[in-house]
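Visitor: I would like to learn how to read a few features in a structure. Can you take me through them one at a time?
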Amino acid sequence: MTDVFPTLRGRMEYVCLGCDARYPADSLLYTCPGCGNVFLLETIDFHKLKERSAADWRALFDARAASRITALRGVFRYYEFIAPVLDAQDIVYLGEGITPIVEAAPALRDQIGLSFAYKNDGQNPSASFKDRGMACAFSYLKWLCRRNNWEEVLTVCASTGDTSASAALYAAYVGAPLKSVVLLPAGKVTPQQLSQPLGSGATVLELPGVFDDCMKVVEHLAENYRVALLNSKNSWRILGQESYAYETAQWHDWDVVDLCLFVPVGNAGNITAIMSGFLKLHELGLVTNLPRIFGVQSEHADPVYRYYAAPALARTWQPVRVRPSVAQAAMIGNPVSFPRVRKLAERYIAAGGEKAFQIIQVREQEIMDAMLKANRHGHIACTQGGECLAGLVNALALGLVSRSERALLDATAHSLKFAGFQELYFTDAFSPEYGITPNIDLANRPEALLPRSARNELEDAAYTRKAAEAMAKLLRLSPK
Ligand SMILES: *Cc1c(COP(=O)(O)O)cnc(C)c1O
Ligand SMILES: [Zn+2]
């Protein structure tokens with residue numbers, strides 16, 4: 001039997017994508033102190049991983065899939081590829097990762113015209129993929145606090161959505177020395193968005209202004225105080241999110257020929273991580289080719305699409321002003337991880353060819369129609385999951401994907417988190433900026449069986465009979 005416990009360890013460093021400066025992994029850093037740019041984390045001894053054969057790696061990960069060692073149950077099944085600097089005792093496991101890959105319902109597959117599946121990342125503990133990254137970031141923080149004997153470290157984020165939900169959850173579980181603080185723009189957050197961080201006991205602070213003001217405040221805090229900032233520039237989160245790639249490869253028995261991945265792009269950390277994960281697998285020979293990756297953006301928030309739509313030599317980076325989007329978690333005009341995308345896409349294309357990385361644009365209407373269509377076929381896609389399906393439909397129409405390929409769509413959150421948009425669709429109540437008109441075939445609402453007064457007018461038995469008769473009539477049931 002294979003010994004599943006990690007024996008290979010590695011040294012890690014932050015590498016700045018702006019000035020190439022390197023810093024040791026045991027410094028608590030958010031962005032480069034020299035130039036302010038974002039980092040990627042690098043395992044300096046990555047070459048050591050090549051001493052184990054691809055077959056041995058595969059056997060190890062298969063053995064870990066059956067292991068009950070808590071530290072190896074979640075995203076750290078792939079410990080050596082993610083953060084081999086950590087000690088097993090610090091690894092935080094809340095059931096994240098190893099999310100199900102669900103084949104498209106046959107009727108939906110036939111409608112779309114090729115085989116595809118959803119990877120349900122909404123089935124993570126806080127109901128979004130953000131938990132993959134937080135599991136790694138919090139394991140790192142535990143490790144760092146223990147090494148330094150720190151008695152308290154505040155974990156801070158400015159987020160109205162899934163980031164704060166996830167950060168608050170992990171901080172609540174770990175407890176001392178970590179404490180969670182969430183900073184939000186006062187009056188701009190729905191009760192639904194507040195409920196997860198409040199429920200996890202985070203300190204929730206409100207600031208007059210808009211989201212960007214909050215972001216600047218927490219960045220200022222991270223530059224001047226010992227706090228752990230968990231927003232999208234955090235490079236430890238990227239490592240945990242690479243697990244999506246590893247799981248996908250393992251699930252497909254390490255054969256990703258003809259596989260096309262569709263991923264929503266907001267701050268672009270997720271697509272960065274997935275490319276980085278597959279590049280590592282490819283370099284170590286666990287997969288023989290790279291799957292094609294399609295980033296998807298709404299035309300209401302499409303800076304990355306615009307960048308790559310231009311001819312290679314004419315590309316200039318230009319943030320965009322966003323318009324309201326139902327793919328709200330990806331509604332970002334100036335993605336902080338863009339330097340990471342550019343770097344990884346370059347490497348990805350070099351290894352996988354020009355068609356290995358592409359960005360697709362979709363319309364708001366297409367996102368909503370696709371999400372509802374998927375969910376009416378038994379899926380649990382959020383609006384970003386709908387965005388991926390809309391991207392697949394457009395990629396097919398544009399001839400970028402052929403019907404002999406297969407697709408994997410990232411449902412990044414649970415459909416329940418986005419129930420508000422479904423409600424707006426069903427009641428035709430979107431404000432005009434969205435540009436969404438409900439398709440009457442997809443709109444669904446409750447139907448009244450009897451008038452309100454009926455309950456008071458009839459005694460119980462008669463009421464039951466009358467209601468049953470009304471149902472039978474409406475549903476055209478025949479008596480048996
Ligand atoms: C954060 C988030 C995204 C966008 O991911 P990026 O890494 O910022 O590109 C998409 N969907 C959901 C549900 C999210 O929470
Ligand atoms: Zn720098």
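Guide: Gladly. Keep in mind that this is a predicted model. Let us start with an annotated site.

Visitor: Which feature does UniProt place at K130?

Guide: The unreviewed UniProt entry gives "modified residue: N6-(pyridoxal phosphate)lysine" at K130. K130 is found in helix α4. Its relative accessibility is 12%, so K130 counts as buried, the cut-off being under 20%. Leaving aside neighbours within four places in sequence, K130 is in contact with D162, T163, S166 and R237.

Visitor: What is the nearest side chain of opposite charge to D131, and how far away is it?

Guide: K417, at 7.4 Å. A salt bridge needs nitrogen and oxygen within 4 Å. D131 is buried and has no salt bridge. D131 is also in helix α4, which covers residues 130-148. Beyond four places in sequence, D131 touches E96, N124, P125, S126, S166 and Y170.

Visitor: Now strands. How should I read the two faces of one?

Guide: In a regular strand the side chains alternate between the two faces of the sheet. Take β10, residues 259-264. L259, L261 and V263 lie on one side, and C260, F262 and P264 on the other. Both faces are covered. Six of the six residues are buried, so β10 is largely enclosed by the rest of the structure.

Visitor: Which strand does β10 join through four bridges, and in which sense, parallel or antiparallel?

Guide: That is β13, residues 406-411, and the two run parallel. F262 stands opposite L409 there. β10 also pairs with β11, residues 292-298, in the parallel sense over five bridges. In β11, the bridge partner of F262 is F294. Follow the chain and you get a β-α-β unit: β10, helix α10 (residues 269-283) and β11, with right-handed connection.

Visitor: Back to charges. How many salt bridges does a search of the whole structure find?

Guide: It finds 20. Check each pair for distance, location and burial. The side chains of R146 and D90 meet at 2.7 Å, N to O. The pair links distant parts of the chain, 56 residues apart: R146 in helix α4, D90 in the loop between α2 and β4. R146 is partly exposed at 35% relative accessibility, whereas D90 is buried at 2%.

Visitor: Where are the partners of the salt bridge between K280 and E242?

Guide: K280 is in helix α10, and E242 is in the loop between α8 and α9, 38 residues apart. Their N to O distance is 2.9 Å. Both are buried. Finally, look for shared partners: salt bridges join R9, D87, D90 and R146 into one network.

Definitions and conventions: Residues numbered from 1 in each chain as written. Chains lettered and ligands numbered in written order. Predicted model: local features only at pLDDT ≥ 70, side-chain atom pairs only at ≥ 80, totals over all residues. Heavy atoms only, no water. Buried < 20%, exposed > 50% of the residue type's maximum accessible area, 1.4 Å probe, protein only. Lys, Arg positive; Asp, Glu negative; His and termini not counted. Contact = heavy atoms within 4.5 Å. UniProt positions renumbered as here; feature names shortened; annotations may be inferred. Pairing = 2+ DSSP bridges. Right-handed = clockwise from strand over helix to strand, strands pointing away.
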